[in-house]
Amino acid sequence: MEKQALRELIQFGEKINVEFKASQNALTKDIFDTICAFNNRIGGHIFLGVNDQKVIVGVNQDKQDKIIKELTTAINNPQKIYPPLYLTPVPIEIEGKTIIYLRVPEGTQVCRHNGRIWDRSFEGDINITDQAEQVYKLYTRKQGSYFVNKVYPNLPLDLLDQAVIEKARKMALGRNQHHAWGEMNNEEMLRSANLILIDPETNKEGITLAAILLFGKENAIMSVLPQHKTDAIFRVENKDRYDDRDVITTNLIDSYQRLIQFGQKHLNDLFVLDGIFNVSARDRILREIVSNTLAHRDYSGGFPAKMIIEEDKITIENSNLPHGIGTLDLQRFEPFPKNPTISKVFREIGLADELGSGMRNTYKYTQLYSQSKPTFTEGEIFKIEIPLQPIATHKVGKNAELQDVARDVARDVARDVAQDVARDVLQENNKDKIILFIKEKIKLDPRITRQSIANELGMSKKTIERYISEISELNYVGRGKHGHWELKE
């Protein structure tokens with residue numbers, strides 16, 4: 001690593017993957033706890049010759065060779081560090097002083113120091129040897145296996161709700177009438193989604209936990225995963241308890257719909273313009289945060305997932321197998337699949353998009369909805385906070401009807417504003433923006449009518465038809481109200 005990059009690491013101080021040790025004359029003994037913790041977490045950078053105040057004190061010249069030799073010998077010794085790491089400390093001169101730099105990679109196996117298991121957090125190195133749940137999660141991370149791929153060879157297919165499977169099939173066909181699921185029976189559909197697998201221990205085939213979570217009847221879900229629960233809470237007036245609550249223990253597809261409906265019930269659909277387009281930022285936010293908590297949750301954990309709507313924020317919390325600790329940065333964030341089979345089904349039926357898009361979309365629509373930025377915090381509990389303006393939740397209590405009327409009036413005004421913007425676009429002959437608007441409306445509702453688009457833009461149906469005719473990748477499949485648009489981009 002270049003000196004400038006090392007200086008920047010030192011400047012920003014100790015954190016989840018950076019540790020300073022003064023070690024001017026001898027190794028600090030707890031350095032091996034740190035090496036083990038870094039290897040068990042996300043890797044890290046260790047600087048010998050830098051104190052806790054980020055001051056470069058240097059390692060004394062006559063002690064450097066001895067310190068490097070002791071450090072190298074210890075980390076390469078399986079009696080000390082297991083498995084041995086075979087790392088190389090590097091002496092580097094910075095500001096006229098010599099520091100010793102050690103880069104510790106993230107390991108593929110659980111690392112022990114003197115038989116003890118160490119993990120890393122912002123608070124430092126933590127001995128988790130006797131913490132059964134933490135050790136289990138660490139092994140799960142290292143094995144690269146997914147808890148939801150657990151196979152149940154003795155459970156029959158009729159434990160799954162056939163109506164929910166059919167609902168998923170229709171949702172997939174609604175997005176793409178040529179979707180392969182349309183020609184498959186239920187078992188073939190499950191196999192195509194990797195929801196029927198072979199148990200590597202027994203070599204027997206069966207449905208997976210992911211299949212049961214996605215399509216299972218409620219008693220089947222409770223029999224294999226009794227801790228499965230999502231708690232939806234609305235807390236604005238009664239801050240000690242709640243004003244409304246929905247405890248959801250059903251399959252993930254119905255859970256998604258109930259969480260969306262709960263959010264829509266308690267959050268106003270504020271008028272929001274995305275460029276010239278009037279969008280439901282509320283619904284876009286709900287879609288992303290609900291699909292995230294259902295698709296990426298660590299279902300092995302006993303922590304009940306929560307969606308809490310308060311006057312100033314929405315909070316989402318769920319158990320997590322973290323691949324880092326701390327607040328996620330949108331610019332540096334690297335998405336990591338948590339439950340790929342569940343995520344794939346969500347994408348096929350339109351409840352989620354490609355990996356990583358959810359965070360970007362949540363940022364975008366939160367800023368439109370709340371004029372603030374959301375926060376995503378990675379840890380054993382994954383947490384999303386969506387800031388809210390007070391107007392977002394002001395519709396409970398005795399004045400609900402009046403507030404509903406006010407909302408309808410606001411929508412009328414919003415429509416007029418959108419029409420004015422659209423007319424300006426038309427006057428400017430900005431064909432590209434109009435065509436983009438049409439595409440966005442069709443993406444949101446493949447069954448939208450030409451007249452509805454015309455009404456929203458304040459144009460004639462004939463004008464809209466002229467623009468539609470110029471979209472070569474757009475086709476209307478079927479006839480009349482039973483048909484739908486297909487947009488191929």
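Me: Thr-341 is at 9% relative accessibility; does that count as buried or exposed?

Reply: In this predicted model, Thr-341 counts as buried because its relative accessibility is 9%, and the cut-off for that label is under 20%. Thr-341 lies in helix α11, and, if neighbours within four places in sequence are left aside, Thr-341 is in contact with Val-148, Asn-149, Ala-193, Asn-194, Leu-195 and Ala-210.

Me: Which other residues of helix α11 are buried, and which helices do the buried residues of α11 pack against?

Reply: Helix α11 covers residues 340-348, and alongside Thr-341 its buried residues are Ile-342, Ser-343, Val-345 and Phe-346. The buried residues of α11 pack against α7 (209-215), α9 (252-266) and α10 (281-295). After α11 comes Gly-350, which has a positive phi near 85°.

Me: How should I read a nonpolar core, and which residues have the most contacts inside the largest one?

Reply: In soluble globular proteins, nonpolar side chains tend to be buried together. Here the largest nonpolar core has 86 residues, and those with the most contacts inside it are Leu-195, Leu-213, Phe-215, Ile-289, Ile-342, Phe-346 and Ile-438. Another core, of 23 residues, lies apart from it and has Leu-27, Val-59, Ile-68 and Cys-111 among its members.

Me: Which residues does Ile-342 touch?

Reply: Not counting residues up to four places away in sequence, Ile-342 touches Val-148, Ala-210, Leu-213, Leu-214, Leu-252, Leu-294, Ala-295 and Tyr-299.

Me: Ile-438 was also named in that core; which residues of α14 are buried, and what span does this helix reach?

Reply: In α14, the buried residues are Ile-434, Ile-435, Phe-437, Ile-438, Lys-439, Lys-441 and Ile-442. Helix α14, residues 431-444, has 14 residues and reaches 20 Å from its first C-alpha to its last, which is close to the 20 Å expected at 1.5 Å a residue.

Me: How do I read the packing of two helices, and at roughly what angle do the axes of α5 and α9 cross?

Reply: Two packed helices are described by the angle between their axes and the distance between the axes. The axes of helix α5 (residues 162-175) and α9 come within 10 Å and cross at roughly 70°, and α5 and α9 are therefore roughly perpendicular to each other. Val-164, Lys-167 and Ala-168 of α5 make the contact with Ile-253, Asp-254 and Gln-257 of α9.

Me: Where do the axes of α2 and α3 stand by that reading, and at roughly what angle do they cross?

Reply: Helix α2 (residues 31-40) and helix α3 (residues 64-75) have axes that come within 12 Å and cross at roughly 50°, which makes α2 oblique to α3. The crossing in which α2 passes α3 is right-handed, and Ile-31, Phe-32 and Ile-35 in α2 meet Leu-71, Ala-74 and Ile-75 in α3.

Me: Turning to the backbone in loops, what is phi of Glu-95, and where is Asn-203 found?

Reply: Glu-95, a residue other than glycine, has a positive phi near 55°, and its place is in the loop between β4 and β5 (97-104). Asn-203 likewise is not a glycine, yet its phi is positive at about 60°, and it is found in the loop between β10 (196-198) and β11 (205-208). Glu-95 counts as exposed because its relative accessibility is 61%, and Asn-203 counts as exposed because its relative accessibility is 63%.

Me: What is omega for the peptide bond from Tyr-82 to Pro-83?

Reply: Omega is near -5°, and the peptide bond from Tyr-82 to Pro-83 is cis. Pro-83 has its place in the loop between β3 (81-82) and β4 (90-94).

Definitions and conventions
Residues numbered from 1 in each chain as written. Predicted model: local features only at pLDDT ≥ 70, side-chain atom pairs only at ≥ 80, totals over all residues. Heavy atoms only, no water. Helix = DSSP H or I, 4+ residues; strand = E, 2+ residues; numbered from the N terminus. Expected span 1.5 Å × (residues − 1). Buried < 20%, exposed > 50% of the residue type's maximum accessible area, 1.4 Å probe, protein only. Core = buried A, V, L, I, M, F, W, Y, C linked by side-chain atoms within 4.5 Å. Contact = heavy atoms within 4.5 Å. Axes fitted to C-alpha atoms, helices over the stretch in contact; angles between N-to-C directions. Parallel < 35°, antiparallel > 145°, perpendicular 65-115°, else oblique. Left-handed = near helix turned anticlockwise from the far one by under 90°.
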